[in-house]
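Visitor: I have a structure open and would like to go through it with you. Can you show it here first?

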Amino acid sequence: MAGGTVSVASSVSFTGSNITPSVTVKVAGRTLTSGTDYTVSYSNNKNVGTSNVYVYGKGNYSGSLSAKFDIVPAKQQIQKLETRFKGFFIDWAQKGSATGYEIQYATNSKFTNAKKVTIKNNKTDKTTISKLRGNKKYYVRVRSYTAVNGTKYYGAWSVS
């Protein structure tokens, strides 16, 4: 499979099960057929972190290719968001794979100049943010992260 390429999604969400994203294999501009032209295997594809996909040529193709993809925490969900005097209370769904959480808030929906609060305890799933400006509308979102060997893998932001 000299000169070939293998394409796989750069990141996929954690599910708790083995993750097997589809791959596209090309050799000399031709897209190969899985099962006919190559077989696929995966490693480290269950937990949050970097995973590997291996492609082995068969039939008219010999050799192998590999690629990496990241498994990131699943998208976070806000369960309760309440206005408080010059602040807000937020309660989010706890993720078993999370090391911690990030809460972001801003006065605009594009989150420009947003403030960020990091919750480093994965057992914490609610907090109150205070000392904000009164009579302002705040947009709020949360995401989980998992630290693996010194690298933080971030999940998608919740709907704000």
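Visitor: Start with Val8. Which residue is its bridge partner in β3?
Guide: Val8 is bridged to Val23 in β3. Keep in mind that this is a predicted model.

Visitor: How many bridges join β1 to β3, and in which sense do they run?
Guide: There are 4 bridges between β1, residues 5-8, and β3, and the two strands are antiparallel.

Visitor: And the side chains along β3, where do they point?
Guide: They alternate. Val23, Val25 and Val27 are buried and point to one face. Thr24 and Lys26 point to the other face and are not buried.

Visitor: Back to Lys26. Which strand is that in, and how is the residue classed for exposure?
Guide: Lys26 sits in β3, which spans residues 23-27. Its relative accessibility is 39%, so Lys26 counts as partly exposed. The class runs between the 20% limit for buried and the 50% limit for exposed.

Visitor: What does Lys26 touch, apart from its sequence neighbours?
Guide: With residues within four places in sequence set aside, Lys26 is in contact with Gly4, Thr5 and Thr31. Thr31 is also the bridge partner of Lys26 in β4.

Visitor: How are β3 and β4 connected?
Guide: They form a hairpin with 2 residues between the strands. Ala28 in that hairpin has a positive phi near 50°. The pairing itself is antiparallel, with 2 bridges, and β4 covers residues 30-31.

Visitor: How far is Lys26 from Ala93 in space?
Guide: Their C-alpha atoms are 41 Å apart, with the two positions 67 residues apart in sequence numbering.

Visitor: New topic. What is the strand order in the sheet that has β2 in it?
Guide: That open sheet has 4 strands in the order β2-β7-β6-β5, with mixed pairing.

Visitor: Why do β2 and β5 each have one side without a neighbour?
Guide: β2 (11-13) and β5 (38-43) are the edge strands, and each has a single partner, so one side of each has no neighbour in the sheet. On average, neighbouring strands in this sheet are turned by 30° against each other, direction ignored.

Visitor: What does the β2 edge look like in detail?
Guide: β2 pairs with β7, residues 64-72, in the parallel sense over 3 bridges. Ser11 stands opposite Asp70 of β7.

Visitor: And the β5 edge, how many bridges are there to β6?
Guide: There are 6, and β5 and β6 run antiparallel, with β6 spanning residues 49-57. One of the bridge pairs is Tyr42 with Val53 in β6. The two strands form a hairpin with 5 residues between them, and Asn44 in the turn has a positive phi of about 55°.

Visitor: What about Gln76, buried or exposed?
Guide: Gln76 has a relative accessible area of 1%, so it is buried. The residue lies in the loop between β7 and β8.

Visitor: Which residues does Gln76 touch?
Guide: Not counting residues up to four places away in sequence, its contacts are Trp92, Ala93, Lys95, Tyr101, Val142, Arg143, Ser144, Ala156 and Ser158.

Visitor: Trp92 is in β9, I think. What stands opposite it in β8?
Guide: Ile78 stands opposite Trp92 in β9. β8 and β9 are antiparallel and joined by 6 bridges.

Visitor: Which sheet do they belong to?
Guide: An open sheet of 3 strands in the order β8-β9-β12, with antiparallel pairing. β8 and β12 (126-129) are its edge strands, each pairing on one side only. The twist from one strand to the next averages 10°.

Visitor: Now the largest pocket. What is its volume, and which residues lie nearest the centre?
Guide: The volume is about 240 Å³. The lining has 15 residues, and Thr83, Gly87, Phe88, Lys136 and Tyr138 lie nearest the centre.

Visitor: Which element gives the largest share of that lining?
Guide: β8, with 4 residues. β8 (78-84) and β9 (87-92) each supply at least two of the lining residues. By class, the lining has 6 nonpolar, 4 polar and 5 charged residues.

Visitor: Last one, Lys115. Where is it, and what does it contact?
Guide: Lys115 is in β11, residues 115-119. Leaving out neighbours within four places in sequence, Lys115 contacts Ile103, Gln104 and Tyr105. The C-alpha atoms of Lys115 and Val140 are separated by 9.8 Å, and the two residues are 25 apart along the chain.

Key: Residues are numbered from 1 along each chain as its sequence is written. This is a predicted model: local features need pLDDT of at least 70, side-chain atom pairs count only at pLDDT 80 or more; totals for chains, interfaces and linings use all residues. Side-chain values use heavy atoms; hydrogens and water are left out. Two strands pair if DSSP finds at least two bridges between them. Axes are lines fitted to C-alpha atoms, for helices over the stretch in contact, and angles run from 0 to 180 degrees between N-to-C directions. Buried means under 20% relative accessible area, exposed over 50%, partly exposed in between (1.4 Å probe, protein chains only). Contact means heavy atoms within 4.5 Å. On a 1 Å grid over the protein atoms alone, a cavity is a set of points where a 1.4 Å probe fits but cannot get out, and a pocket is an open set with protein on both sides within 12 Å along at least five of seven lines; lining residues have an atom within 4 Å of a point. Grid points are joined across faces, edges and corners, and a volume is the space filled by probe spheres set on the points. Ala, Val, Leu, Ile, Met, Phe, Trp, Tyr, Cys and Pro count as nonpolar, Asp, Glu, Lys and Arg as charged, and the others, Gly among them, as polar.
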